[in-house]
Amino acid sequence: MVTVPRLVVAAPSSGSGKTTVATGLMAAFAGRGLAVSGHKVGPDYIDPGYHTLATGRPGRNLDAYMCGPELIAPLFAHGARGCDLAVVEGVMGLYDGASGLGELASTAHVAKLLRAPVVLVVDASSQSRSVAALVHGFASWDTQVRIGGVILNKVGSDRHEALLREALEESGVPVLGVLRRAEQVAVPSRHLGLVPVAERRGDAVAAVAAMREQVMAGCDLEGLMALARSAPSVSGEAWDAVEAGAACGGPVPGAGGVRVAVASGAAFTFSYAEHSELLTAAGAEVVPFDPLRDEALPEGTRGLVIGGGFPEVYGPDLSANEPLRGAVAELAASGAPVAAECAGLLYLARSLDGLPMCGVLDAEGRMSQRLTLGYRDAVALSDNVLAAAGTRMRGHEFHRTVLEPGAGDEPAWGMHRPERRVEGFVQRGVHASYLHTHWASAPGTARRFVERCAE
């Protein structure tokens, strides 16, 4: 049974200030001595990094498309275990879901699955009385979504605030916060969104502190906590990596202590905490390493996981680390399991923007002006270290790079949504693809990988 107090921070559209408010609330309540859990609707990897900084706990994703609606409450309960409060940051606009699939994976969908009240963050910078019509429309669109309060963002003056409050008096939705324009809370962005915490640690700490101060000064924390406590219980048990792994066969016999190296550091920040938890439950010893700094893989590495990130930003440094590139190529040539997603795919290529990479894949990567973004339905085209042939997975793509060719002689996936194509590479123990997946939806993935490592 899920009983933790909880709030969903949503907005009419992207750019309204969800991250500022959600992260500021997490930091403000954590600063009061509460155990706070941060969550993000959708596949985004970057915002959870700021949530982690604000709460001191791993930021967790809640993606109803990749993991299925049935796993939202269990994954939420897993992340919020032992907490006094959970804050869920929404994605895009409140009712924006997976393209062409109605409410699926929208913030509203997740709020309903969690039976959580919604706090609507409204960018009020260019309106006054119209704010009441906007809030009324969002509050009445779906009666199963309970909008319990509004936080007005980017308010210009006392007079502006008075006009907004007056307009909202008849809406029935209380104003739980008013935030003025503040440059110090701004977080720099680039081609895939905010700059990750790992790339700007000192500045990120300062930004989160500024968010906390702004929220503490402008929001009714007691009112927000009371709203969070009004959330009714949700049936179901918390997800657990050991239990999920047990359903797939439990720890791999003979795998105790098998070392799986996981790329980390500023160039490879895109990963879901559940992946390492599942690898550990399958019997592996997960050892992080930084391809920007470490000249060798962790001693005794039997398998390698390289997630997403920004190799294009760190291309010169990754290329300059020739000893590690050689070690990765040697491991792959030995037939050891190597799982690479997006940035990892590019790192395994022959080159990226003309700079030498690991040379495991006979392909060239380069930056592109085109953003590739969206959910994908895929099927494994052959047996590999992650999945048996015919295994269906849901994932997402998120990149501004192109790899030529985009698939090897033995592709990793056959894509069925939004268009039909083949993608990625399977060769010996290597599985490399642009597709990001969430292993909680298929815990057998981690066990299969560790099984191959133990062979």
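**Exercise 1.** Decide whether Asp353 is buried, partly exposed or exposed.

*Solution.* Step 1: take the relative accessible area of Asp353, which is 41%. Step 2: apply the cut-offs, where buried means under 20% relative accessible area, exposed over 50%, and partly exposed in between (1.4 Å probe, protein chains only). Step 3: Asp353 is therefore partly exposed, because its value is 41%.

This is a predicted model, in which local features need pLDDT of at least 70, side-chain atom pairs count only at pLDDT 80 or more, and totals for chains, interfaces and linings use all residues. Residues are numbered from 1 along each chain as its sequence is written, and side-chain values use heavy atoms, without hydrogens and water.

**Exercise 2.** Locate Asp353 and Cys342, and state the sign of phi for each.

*Solution.* Step 1: Asp353 sits in the loop between β14 (351-352) and β15 (355-356); helices (H or I, at least four residues) and strands (E, at least two) are DSSP runs, numbered from the N terminus. Step 2: Cys342 sits in the loop between β13 (338-341) and α13 (343-348). Step 3: phi is positive in Asp353, about 50°, and in Cys342, near 55°. Step 4: compare with the general rule: most residues other than glycine have a negative phi.

**Exercise 3.** Classify Cys342 and Thr20 by accessibility.

*Solution.* Step 1: Cys342 has 4% relative accessibility, so it counts as buried. Step 2: Thr20, in helix α1 (residues 18-31), is buried because its relative accessible area is 15%.

**Exercise 4.** Which residues does the cis peptide bond join?

*Solution.* Step 1: the bond joins Glu404 and Pro405, with omega about -5°. Step 2: Pro405 belongs to the loop between β17 (392-404) and β18 (413-417).
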